[in-house]
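Please read the following walk through a protein model with the structure open beside the text.

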Amino acid sequence: MAPDVARIWRRLEELASDHRSQTPDSYVLQPDVLRDRTLSVDGLMLDWSLQRLDHDVIESLIELSDAIDLQKRLQRQFAGEIVNPTEQRAALHTAIRDTPTSRRTVNDQLRISRAELRLFAANVLSGRTTGYSGGAFTDVLHLGIGGSHLGQELLCDALGNTRLNIHFLSNSQSKHIQNALVALNPAKTLVIVASKSFTTPETQQNFQHVSNWFAERTGRLDALSSNLVLISSNESVLAGLPGKHFIVPEEVGGRYSVWSAMGLPVLLRIGPEQFEQLLEGANLMDQHVVAAPSSVNAAIMLALLALWNTNFLATTSHTVLSYVAALRWLPGYLQQLEMESLGKSVTVDGEAVSHHTTSVIWGGEETDGQHAWHQWLHQGTHSYSADFIASAEHKTLADVWTLANSLAQHHVTFFGHQDSADPEKNIRGGHGSTLILLDRVNAKAIGMLLALYEHKVACLGYLWNINPFDQWGVERGKVMADEINKALVEPNHTLSNTLLNERVRKILPRQK
């Protein structure tokens, strides 16, 4: 840790010791304080007035951001420089939404790819592109998992309005496969197989099941090839396979890829106009983040608040509470974005980190959550932080009720409630949370919101000196699963690990 950074870190630790002992009612919030702790970016408002901090903390956090040249690091990332050192790659997800890099050939290639993708989608939607039967497609079956699935399902659910029905199949268990295929007609179904590496076991297993289903239902071995789209970064594997192919640059990570060809199901479900608005919103946030000073930079402030809560107030749990019905899948999407990106214990220099990195990310749709986990939030014993996602847009009285609930829960989470007559009704409060308020819930606003969280993740990676663009921890389990799977299907196969081998031997007789 550089001397300046270490000095600021020690200062934040001193400040945190005071704030950990302060009662919620000691944070008297005057109107000018509220103004200082909110910022707006084209219809998206960030309000961190209900966080356990004061002016000194905010100044020190911003000083920390400036000490590591956080904004310059973001600018280098946007320019297309290598920011993923373990794989020697850039991170080009911003370039896909028209935020240009300094690499002209990359910009040109992405522009051509976008045009090809849009043309294909337009032809499918118009009925000009058909399957083996010659009829227009009515359904799309999407095979993918993780970054090839979570953002896509979120956006299709939030903004879907075209005639096409999108069906997502991620899990390879037989029940999920049966449920996905039961109502589909192969003659009218476009199959999309999305896998960055094109080696993901669940996706490959589902691809094989769907291939067999097509052959059985049509009586033709070649039927699927006319109804098939393959999306991957692995050009060499795709080269030997049938169907229409779209290539995603290696420099676009799976969990950052919904803007690329991986977003084809989104494009087909929400239509070209809304997809352009989605990209426009993300681009607007890009331009804000790359230019705004730390103190008025939405992504930097969101990251600094997370760092303050995690490293200085010792919260290990962060909940995302969506009071916007269209964003009901947002917590699951953010769970992967943040925990896969920031679940790291080694710095970019190969040293063990000396502090916690990301908290557990969880949450769900409101107001359902108020009747489930809010009891834990208000009267449980654990420390946590939260994001409340809400909308100022209201078309019905029910929308107003939802907004009222979001503001009420946000307030009680911080200030709590004291009832001297009935102590069982006491609420401790003191949990810092941020309100993210959307003026409108549309494609542009959602594009801004997703880009905001992407940049928050990148900022935290730079603040913690870890790499938010790789995920090596995921790989080891895959290697072991492959060996265990072999032992489960071939009883004579002996595992190299004695304990694991014995466990498998105990399970084998129970298989039915």
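In this predicted model, 20 residues line the second largest pocket. Those nearest its centre are Met1, Ala2, Val5, Trp464 and Asn465. Two or more lining residues come from each of helix 1 (3–19), helix 3 (55–67) and helix 16 (443–464). By class, the lining of this pocket divides into 12 nonpolar, 4 polar and 4 charged residues. The space in the second largest pocket is about 410 Å³.

The largest pocket holds about 900 Å³ of space. Its lining consists of 37 residues, and Lys196, Ser197, Gln471, Glu475 and Lys478 lie nearest the centre. Helix 9 (201–218), helix 13 (330–342) and helix 17 (473–489) are the elements that give two or more residues to this lining. Here the classes are 10 nonpolar, 16 polar and 11 charged residues.

Next comes the sheet. It is open and built from 5 strands in the order 4-3-5-6-7, with parallel pairing. Strand 4 (165–169) and strand 7 (244–247) are at the edges, where each pairs on one side only. On average, neighbouring strands of the sheet are turned by 20 degrees against each other, direction ignored.

Within this sheet, strand 5 (residues 189–194) and strand 6 (residues 228–232) run parallel and are joined by 4 bridges. Ile192 has Val229 in strand 6 as its bridge partner.

A helix also meets these strands. Helix 11 (residues 264–291) lies across strand 3 (139–143), strand 4, strand 5, strand 6 and strand 7. Helix 11 runs at about 145 degrees to strand 5.

Technical notes: Residues are numbered from 1 along each chain as its sequence is written. This is a predicted model: local features need pLDDT of at least 70, side-chain atom pairs count only at pLDDT 80 or more; totals for chains, interfaces and linings use all residues. Side-chain values use heavy atoms; hydrogens and water are left out. Two strands pair if DSSP finds at least two bridges between them. Axes are lines fitted to C-alpha atoms, for helices over the stretch in contact, and angles run from 0 to 180 degrees between N-to-C directions. Contact means heavy atoms within 4.5 Å. On a 1 Å grid over the protein atoms alone, a cavity is a set of points where a 1.4 Å probe fits but cannot get out, and a pocket is an open set with protein on both sides within 12 Å along at least five of seven lines; lining residues have an atom within 4 Å of a point. Grid points are joined across faces, edges and corners, and a volume is the space filled by probe spheres set on the points. Ala, Val, Leu, Ile, Met, Phe, Trp, Tyr, Cys and Pro count as nonpolar, Asp, Glu, Lys and Arg as charged, and the others, Gly among them, as polar.
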